Amino acid sequence: MATWNSRGLRGSTFEELINMTNDLYAEKSLALVQKIPTPITPIEIDKQSRHITLAYFEKDSTVDYIGVVQGIPICFDAKECHTDTFPMQNIHEHQVNFMEKFEKQGGVSFLLIYFTARNEFYYLPFRVLKQYVDRIGEGHAKNFKYAELDPKYFVKPEGAALVHYLEAINMDLVERK
């Protein structure tokens, strides 16, 4: 049984930027993407603020977001990294399994990573994530470095879309062909 406390809100600012971008995409009929809530059972509630202070996860979640972009199903997880080394322990086996099955059904799976120290967003295609996962089994370190990333997948803001990931999806789709 996994539990969480206030650390569970670590990625809330990044997720809010993604949510605002997704709202803009929906307004412009570019995409329909929703945040998937993580099912939890509260254990402790602060009586004054009425906030949950301790809870456990009811089951393994899949990914943070699922939706469709111009008829193409997508799913992705949002991760933050505070250094130039991304620890693979931040990605759970059940998430990789879900993303792999999603891809086999014709969808596009990826991670959006926020490198906080650099204030940069990155689109990590599932096929590259899978390479990082697989190499751990070959004895490689359980991480990947910022320097290993393909520069073309850095996500730039465009207008009100602060995490404008649609262009990265398009590049990902072109590379698959």
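This passage walks through a predicted model of one protein, from confidence and sheet to turns and salt bridges.

The predicted model has a mean pLDDT of 88, and 86% of its residues reach 70 or more. The beginning of the chain is a place for caution. Over residues 1-11, pLDDT stays under 50, and for this stretch the model has 17 contacts beyond four places in sequence.

A good place to begin is the sheet. Six strands make up an open sheet with mixed pairing, in the order S2-S5-S6-S8-S9-S11. Its edges are strand S2 (31-35) and strand S11 (154-155), each of which pairs on one side only. Helix H1 (residues 12-27) lies across S2, S5, S6, strand S8 (108-115) and strand S9 (120-125). Relative to S6, helix H1 runs at about 155 degrees.

Strand S6 (residues 72-81) is a helpful strand to follow in detail. On one side, S6 pairs with strand S5 (residues 65-69) in the antiparallel sense, over 5 bridges. Two of the residue pairings can be picked out by eye: tyrosine 65 has phenylalanine 76 as its bridge partner, and valine 69 has isoleucine 72. S6 also pairs with S8, here in the parallel sense and over 8 bridges. In that pairing, glutamate 80 of S6 stands opposite tyrosine 114 in S8.

How much of S6 is covered? Of its 10 residues, 8 are buried, so the strand is mostly covered. The cysteines at positions 75 and 81 can be examined individually. Cysteine 75 counts as buried because its relative accessibility is 0%, and cysteine 81 counts as buried because its value is 3%. A disulfide is a covalent bond between the sulfur atoms of two cysteines. A search of the whole structure finds 0 disulfides.

The backbone holds some points of interest in its loops. Most residues other than glycine have a negative phi. Serine 29 is not a glycine, yet its phi is positive, at about 55 degrees. Serine 29 sits in the loop between H1 and S2, and it counts as exposed because its relative accessibility is 60%. Glutamine 70 offers another case, with a positive phi near 50 degrees in a residue other than glycine. Its setting is the loop between S5 and S6, which form a hairpin with 2 residues between them. At 56% relative accessibility, glutamine 70 counts as exposed.

Attention now turns to charged side chains. The count of salt bridges comes to 12. One of them joins arginine 118 and aspartate 84, with an N to O distance of 2.7 Å. Arginine 118 lies in the loop between S8 and S9, whereas aspartate 84 lies in the loop between S6 and strand S7 (85-87), so this salt bridge ties together parts that are 34 residues apart in sequence. Arginine 118 is partly exposed because its relative accessibility is 38%, and aspartate 84 is partly exposed at 32%.

Another salt bridge connects helices. Arginine 127 and glutamate 175 form a salt bridge whose closest N and O atoms are 2.7 Å apart. Since arginine 127 belongs to helix H3 (residues 126-136) and glutamate 175 to helix H4 (residues 166-176), the pair ties together parts that are 48 residues apart in sequence. Arginine 127 counts as partly exposed at 30% relative accessibility, and glutamate 175 is partly exposed with a relative accessible area of 35%. Both residues also appear in a network of salt bridges that links Glu103, Arg127, Asp150, Lys152, Asp172, Glu175 and Arg176.

Helix H3 takes part in a further salt bridge through arginine 135. Its partner is glutamate 148, and the closest N and O atoms of the pair are 2.7 Å apart. Glutamate 148 is in the loop between strand S10 (143-145) and S11, so the pair links distant parts of the chain, 13 residues apart. Are these partners buried or exposed to some degree? Glutamate 148 counts as partly exposed because its relative accessibility is 34%, whereas arginine 135 is buried, with a relative accessible area of 15%.

How values were computed:
Residues numbered from 1 in each chain as written. Predicted model: local features only at pLDDT ≥ 70, side-chain atom pairs only at ≥ 80, totals over all residues. Heavy atoms only, no water. Pairing = 2+ DSSP bridges. Helix = DSSP H or I, 4+ residues; strand = E, 2+ residues; numbered from the N terminus. Contact = heavy atoms within 4.5 Å. Axes fitted to C-alpha atoms, helices over the stretch in contact; angles between N-to-C directions. Buried < 20%, exposed > 50% of the residue type's maximum accessible area, 1.4 Å probe, protein only. Disulfide = S-S within 2.5 Å. pLDDT = per-residue confidence, 0-100. Salt bridge = Lys/Arg side-chain N within 4 Å of Asp/Glu carboxyl O.
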